[in-house]
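Grab a pencil and work through a few short exercises on the structure below. Each one comes with a worked solution, so try it yourself before reading on.

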Amino acid sequence: AGTSGLTWVIDPIDGTRSFIAGLPTWGVLIALDDGHATRLGIVDQPYIGERFGARLGPSGDEAWLARGGARRALRVRPCATLGAAVLLSTAPGMFAPPEFEGFSAVSRRCRLTRYGTDCYGYAMVAAGHADLVIEAGLEAYDIAAPGALVRAAGGIVTDWQGGDCRWGGRAIAAGDPRVHAEALEVLSRI
């Protein structure tokens, strides 16, 4: 145990199955938690040369993408309803049967659902390319950095009851609070 009150949360290969299969959606996750919230998050995509970063704090939040020597700010996109939303998740097998029923109920209401995104799905929400990530069975190292990235880009990340999920469990990450509320309405019953 340290004395700073800070905890590093690291996943050297998030998306191990994608890594094994040679798919580019795996990444290296690094987060720093101060005991109250995650303050820094990195989602590094070494395979495709993208590094997504987040800083959250009292002086404001910042999310960015660094690629090819350039850096640009990230911002989630507005999405008024699940009917217009793009939903991402790692794999249907991550859900227990009742969880999958809830996920499927949300998925049926969305415009598009795609699997196989691992940590990259959260980066796509932060970058404004997707609207929602729903997952279950997460550990702290799976969600701390990607959750910080989505929050720093203006999104919302909670567990399926609307609480803190930075230490793992079930997660809903959304770019727009309206989409989050619709998904939460379905999933909070599970």
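**Exercise 1: the sheet**

Strand 5 (residues 62-67) and strand 6 run antiparallel and are joined by four bridges. Keep in mind that this is a predicted model.

Task: Which residue of strand 6 is the bridge partner of leucine 65, and which strands stand at the edges of the sheet?

Solution:
- Start with the pair: leucine 65 has arginine 72 in strand 6 as its bridge partner.
- Now zoom out. There are six strands in an open sheet, ordered 1-2-3-4-5-6, with antiparallel pairing.
- Look at the ends of that order: strand 1 (7-14) and strand 6 (70-73) each have a single partner strand, so one side of each lacks a neighbour in the sheet.
- For the twist, the average from one strand to the next is 15°.

**Exercise 2: what lies across it**

Task: Find the strands that helix 4 lies across, and its angle to strand 3.

Solution:
- Locate helix 4 at residues 140-152.
- Follow it over the sheet: helix 4 lies across strand 1, strand 2 (27-33), strand 3, strand 4 (50-55) and strand 5.
- Check the direction: helix 4 runs at about 100° to strand 3.

**Exercise 3: a nonpolar patch**

Task: Leucine 40 sits in strand 3 (residues 38-45). Work out how it fits into the surface.

Solution:
- Leucine 40 has a relative accessible area of 35%. Partly exposed covers the range between 20% and 50%, so leucine 40 is partly exposed.
- Patch members need over 30% relative accessible area, and leucine 40 has 35%.
- Its companions in the nonpolar surface patch are Trp8, Ile10 and Ile30, and the four together have about 380 Å² of accessible area.

**Exercise 4: salt bridges**

Task: The whole structure has eleven salt bridges. Take three of them and ask of each partner: buried or partly exposed?

Solution:
- Aspartate 34 meets arginine 39 at 2.8 Å, N to O. Aspartate 34 is partly exposed at 24% relative accessibility, and arginine 39 is partly exposed at 29%.
- Glutamate 62 bridges to arginine 55, with the closest N and O atoms 3.6 Å apart. Glutamate 62 is partly exposed at 29%, and arginine 55 is partly exposed at 29%.
- Arginine 178 and aspartate 176 meet at 2.7 Å, N to O. Here arginine 178 is partly exposed at 43%, whereas aspartate 176 has 5% and is buried, because buried means under 20%.
- One extra to look for: Asp33, Asp164 and Arg166 are linked in a salt-bridge network.

Technical notes:
Residues numbered from 1 in each chain as written. Predicted model: local features only at pLDDT ≥ 70, side-chain atom pairs only at ≥ 80, totals over all residues. Heavy atoms only, no water. Patch = residues over 30% accessible without salt bridge, like charges linked within 9 Å, V, L, I, M, F, W, Y side chains within 5 Å. Areas by Shrake-Rupley, 256 points an atom, 1.4 Å probe, with all protein chains shown as cover. Salt bridge = Lys/Arg side-chain N within 4 Å of Asp/Glu carboxyl O. Helix = DSSP H or I, 4+ residues; strand = E, 2+ residues; numbered from the N terminus. Buried < 20%, exposed > 50% of the residue type's maximum accessible area, 1.4 Å probe, protein only. Pairing = 2+ DSSP bridges. Axes fitted to C-alpha atoms, helices over the stretch in contact; angles between N-to-C directions. Contact = heavy atoms within 4.5 Å.
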